[in-house]
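This report describes one protein chain, going from single residues to the whole fold. Please look at the sequence and the 3D view before reading on.

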Amino acid sequence: LREKKLAVSLVDTTDLAHPRVAALNGDTMLYAASLPKIAVMLGVFQKASEGKLVIDGETRGQLQRMIRRSSNTDATALMHKVGLDYIARTLISARYRLYDPFRNGGLWAGKDYAAVGAWRRDPIDNLSHGATPMQVARFYYLLATGRLVNAAHTREIRGLLGDPVFRNKFVRGLEARPEAKL
């Protein structure tokens, strides 16, 4: 924790109108590997909601593989379909504020998930894929409260996130509790 190599946020959403938050290094930007694929997913649904992208069978399949199987190939294809600039603008937008270049950063996807150089590293910590725990928690809070994109896309995003292929770590822990729902 002192070296800022570990960071975590926990949000109690028992009362959605009054969430309780605890964090250790919650505003610390860390390399996030595949986690910023949720930013790519947000970009896809946001662009579709503006009528600038059709989520057809191919795109839906790419979304499923990117989220449920962590497919780098599909993440890269979707990043190009949506546009890297568009994803960055969505993250920085006043509507979402999931990345703040003047504060501590946040959720950032600045590189294809392919063997190529970074498109645009995050302006604060120079990470290709990064996140702060607080902004990831905000993403999921916005999702839980129906404030990501619109109601129809919120249901689709939840559906995509609700059935992961990999049953390790956190997912396995939740599945051990019959009353828990992912």
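In which helix is T154 found? T154 belongs to helix 6, which covers residues 151–161. The model is predicted, and this applies to every value below.

**Three buried residues**

T154 has a relative accessibility of 5%. Buried means under 20% relative accessible area, so T154 counts as buried. Apart from its neighbours within four places in sequence, T154 touches L143, G146 and L148.

A second residue to look at is K47, located in helix 1, residues 37–49. Is K47 buried or exposed? Its relative accessibility is 15%, so K47 counts as buried. With neighbours within four places in sequence set aside, K47 has contacts to K52, L53, K81, V82 and Y86. One of these partners, V82, is 35 residues away from K47 in sequence, while the C-alpha atoms of the two are 7.1 Å apart in space.

The third residue, V149, sits in the loop that links helix 5 (133–144) to helix 6. V149 is buried too, with a relative accessible area of 10%.

| Residue | Location | Relative accessible area |
|---|---|---|
| T154 | helix 6 (151–161) | 5% |
| K47 | helix 1 (37–49) | 15% |
| V149 | loop between helix 5 and helix 6 | 10% |

**Backbone angles in two loops**

Most residues other than glycine have a negative phi. Two residues of this chain are worth checking against that rule. V149 has a phi near 60°, which is positive although the residue is not glycine. N25 is also a residue other than glycine with a positive phi, in this case near 55°. N25 is placed in the loop between strand 2 (20–24) and strand 3.

**Helix 4 and its cover**

Which residues of helix 4 are buried? Helix 4 spans residues 84–92, and its buried residues are L84, Y86, I87, A88, T90 and L91. The cover over these buried residues includes helix 1, helix 3 (72–82), strand 4 (99–100) and strand 6. Y86, one of the buried residues of helix 4, is also among the contacts of K47 in helix 1.

**A sheet of three strands**

In what order do the strands of the open sheet stand? The sheet has 3 strands in the order 3-7-6, and their pairing is antiparallel. Strand 3 (30–31) and strand 6 (108–109) each have a single partner strand and stand at the edges, so one side of each has no neighbour in the sheet. Strand 3 and strand 7 (residues 129–131) run antiparallel and are joined by 2 bridges. In one of the pairings, L30 has A131 in strand 7 as its bridge partner.

**The chain as a whole**

The chain contains 7 helices and 7 strands. Read from the N terminus, its elements follow the order β-β-β-α-α-α-α-β-β-β-β-α-α-α. The radius of gyration is 16 Å, close to the 16 Å that the globule rule gives for 182 residues, so the chain is as compact as a globular protein of that length. Its C-alpha atoms fill a box of roughly 40 × 35 × 30 Å along the principal axes.

How much of the chain is buried? Of the 182 residues, 43% count as buried. The chain exposes about 10,100 Å², and carbon and sulfur atoms supply 54% of that area. Among contacts between residues at least 6 apart in sequence, 60% join residues at least 24 apart. The charged side chains comprise 28 positive and 17 negative ones, and the centres of the two sets are 1 Å apart.

Definitions and conventions: Residues are numbered from 1 along each chain as its sequence is written. This is a predicted model: local features need pLDDT of at least 70, side-chain atom pairs count only at pLDDT 80 or more; totals for chains, interfaces and linings use all residues. Side-chain values use heavy atoms; hydrogens and water are left out. Helices (H or I, at least four residues) and strands (E, at least two) are DSSP runs, numbered from the N terminus. The radius of gyration is taken over C-alpha atoms; the globule rule is 2.2 Å times the number of residues to the power 0.38. Buried means under 20% relative accessible area, exposed over 50%, partly exposed in between (1.4 Å probe, protein chains only). Contact means heavy atoms within 4.5 Å. Accessible areas come from the Shrake-Rupley method with a 1.4 Å probe; for residues, only the protein chains shown count as cover. Lys and Arg count as positive and Asp and Glu as negative; His and the chain ends are not counted. The place of a charge is taken as NZ of Lys, CZ of Arg, CG of Asp or CD of Glu. Two strands pair if DSSP finds at least two bridges between them.
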